[in-house]
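Me: Could you take a close look at one part of this structure for me, and then show how other parts compare in the way they are described? I am a first-year student, so please go slowly.

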Amino acid sequence: MRILHTGDWHLGRTLEGRSRFEEQVAFVDELVRIVREGNIDLVLLAGDVYDTVNPPAAAEQLFYDALSRLAEDGRREVVVISGNHDHPDRLGASSPLAKAQGISLIGLPKAGLMEIGIPRTGETAKLFALPYPSESRLGELLSDDAGEEVLRRAYSERVGELVKAQTAGFRPDTVNLIMSHIYVLGGKESESERPIQVGGAYTVDTSALDVGAQYVALGHLHRPQTLKAQSPIRYCGSPLAYSFSEAGQAKSLTVLDVKPGEPASIEEIYLTSGRPLVNWKAKEGLAEVHRWLDEGRDANAWIDLEIHIAEAMSLHDIQTLRKAHSGFIHIKPVYPQQPAEEEAAALSSAGLPVDELFRRFYERQTGGAKPEPELVQLFMELLQDHSDGPEQAE
């Protein structure tokens with residue numbers, strides 16, 4: 001059978017206020033095409049469908065449309081679990097309607113293996129689907145005064161016991177699978193994941209998942225990666241880059257061919273939808289940035305710009321850059337450092353006029369940039385207004 005592993009869609013998420021909805025729509029279109037052209041029998045969505053527990057209506061509509069297109073009126077099985085961003089009850093609320101189309105929506109951890117028949121091959125899959133197992137969702141609280149190592153070990157052991165008990169029904173004549181949304185020791189994080197562990201307390205050892213599964217499909221970490229373990233344990237990663245810490249990462253889906261009793265053949269399918277996130281470091285100032293813009297560099301990207309300049313950037317400079325490229329998210333000026341003796345002199349500049357003190361303070365705070373005359377004038381006007389206030393009140 002052919003299985004596709006995806007997760008961490010984070011529908012409804014923005015990038016510093018910029019909508020990613022069109023990119024998410026494009027991803028769903030690409031996903032549906034890959035599933036249909038690749039003769040996929042089973043789709044596993046490993047949590048974090050949404051970015052918040054109360055997603056916008058457009059995000060929910062996109063999710064349900066995606067499920068309908070993937071399942072194709074029950075011709076293909078789709079299994080979805082909740083992640084730490086999802087509301088488990090809300091995700092599972094439409095289960096009765098979804099089940100009729102071969103779609104399983106699992107919000108809370110529950111006992112038992114799913115048995116999924118694959119008509120195309122005549123094979124059967126046994127799947128233990130474990131949604132994000134928070135302490136409350138597992139129904140067991142650990143001691144608040146225990147040390148971090150004790151908490152981590154206890155949580156990992158509890159998850160391991162649960163996995164071992166529920167996968168006891170794995171058989172040599174079935175394809176045996178696990179899917180969960182957890183943080184497993186050894187996984188590489190990025191800044192865009194909301195932590196699901198307190199310190200290391202919510203960390204799971206790979207040994208907790210070593211129960212003879214032919215594939216363990218994980219969600220939560222946004223970097224596609226396979227962990228070192230006896231069983232194949234893999235994070236499929238997010239379909240879009242959601243923070244600049246993911247700049248340069250290739251986004252993908254995971255497809256596996258697997259038969260009962262045989263190792264899974266794993267393939268990474270790279271995605272083309274979604275705008276890349278890139279970091280620009282312009283050490284030659286504004287002229288270098290404009291040269292890159294004229295060259296059409298990263299025309300479709302979201303950009304985090306670090307620009308090295310000696311003078312403060314004016315509002316006009318910033319507006320010009322944003323008009324030239326709609327993808328600028330951050331524009332961060334970097335100013336040359338003042339020598340220590342100059343800074344000491346600035347700090348001991350008693351007796352100077354207030355406007356000059358403000359100029360020197362501004363230079364210290366920005367690393368040497370000169371304030372524009374209009375800014376100095378505005379500061380003096382605000383200072384005057386403040387000093388006039390008490391007298392007027394009296």
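**A helix and what follows it**

Reply: Just after helix 1 comes Asn39, whose phi is positive, near 55 degrees. The model is a predicted one, and within it helix 1 covers residues 21–37, a run of 17 residues that reaches 24 Å from its first C-alpha to its last, close to the 24 Å expected at 1.5 Å a residue. Which residues of helix 1 are buried? They are Glu23, Gln24, Phe27, Val28, Glu30, Leu31, Val32, Ile34 and Val35.

Turning from the helix to the strands, 6 of them form an open sheet with mixed pairing, in the order 7-8-9-12-14-13. Strand 7 (114–118) and strand 13 (225–227) stand at the edges and have a single partner strand each, so one side of each is left without a neighbour in the sheet. From one strand to the next, the twist averages 25 degrees. Inside this order, strand 9 (residues 175–181) and strand 12 (residues 215–219) run parallel and are joined by 5 bridges, and Ser180 stands opposite Leu218 in strand 12. In general, the strands of a sheet pair through backbone hydrogen bonds, which may be parallel or antiparallel in arrangement.

Finally, there is the surface to consider, where Val354, Met380 and Leu383 make a nonpolar patch of about 210 Å². Of these residues, Val354 lies in helix 10 (residues 354–366), and Val354 counts as partly exposed because its relative accessibility is 39%, a value that falls between the 20% limit for buried and the 50% limit for exposed.

How values were computed
Residues are numbered from 1 along each chain as its sequence is written. This is a predicted model: local features need pLDDT of at least 70, side-chain atom pairs count only at pLDDT 80 or more; totals for chains, interfaces and linings use all residues. Side-chain values use heavy atoms; hydrogens and water are left out. Two strands pair if DSSP finds at least two bridges between them. Helices (H or I, at least four residues) and strands (E, at least two) are DSSP runs, numbered from the N terminus. Axes are lines fitted to C-alpha atoms, for helices over the stretch in contact, and angles run from 0 to 180 degrees between N-to-C directions. The expected span of a helix is 1.5 Å times one less than its number of residues. Buried means under 20% relative accessible area, exposed over 50%, partly exposed in between (1.4 Å probe, protein chains only). Patches are made of residues with over 30% relative accessible area and no salt bridge: like charges are joined within 9 Å, nonpolar side chains (Val, Leu, Ile, Met, Phe, Trp, Tyr) within 5 Å. Accessible areas come from the Shrake-Rupley method with a 1.4 Å probe; for residues, only the protein chains shown count as cover. A salt bridge is a side-chain nitrogen of Lys or Arg within 4 Å of a carboxyl oxygen of Asp or Glu.
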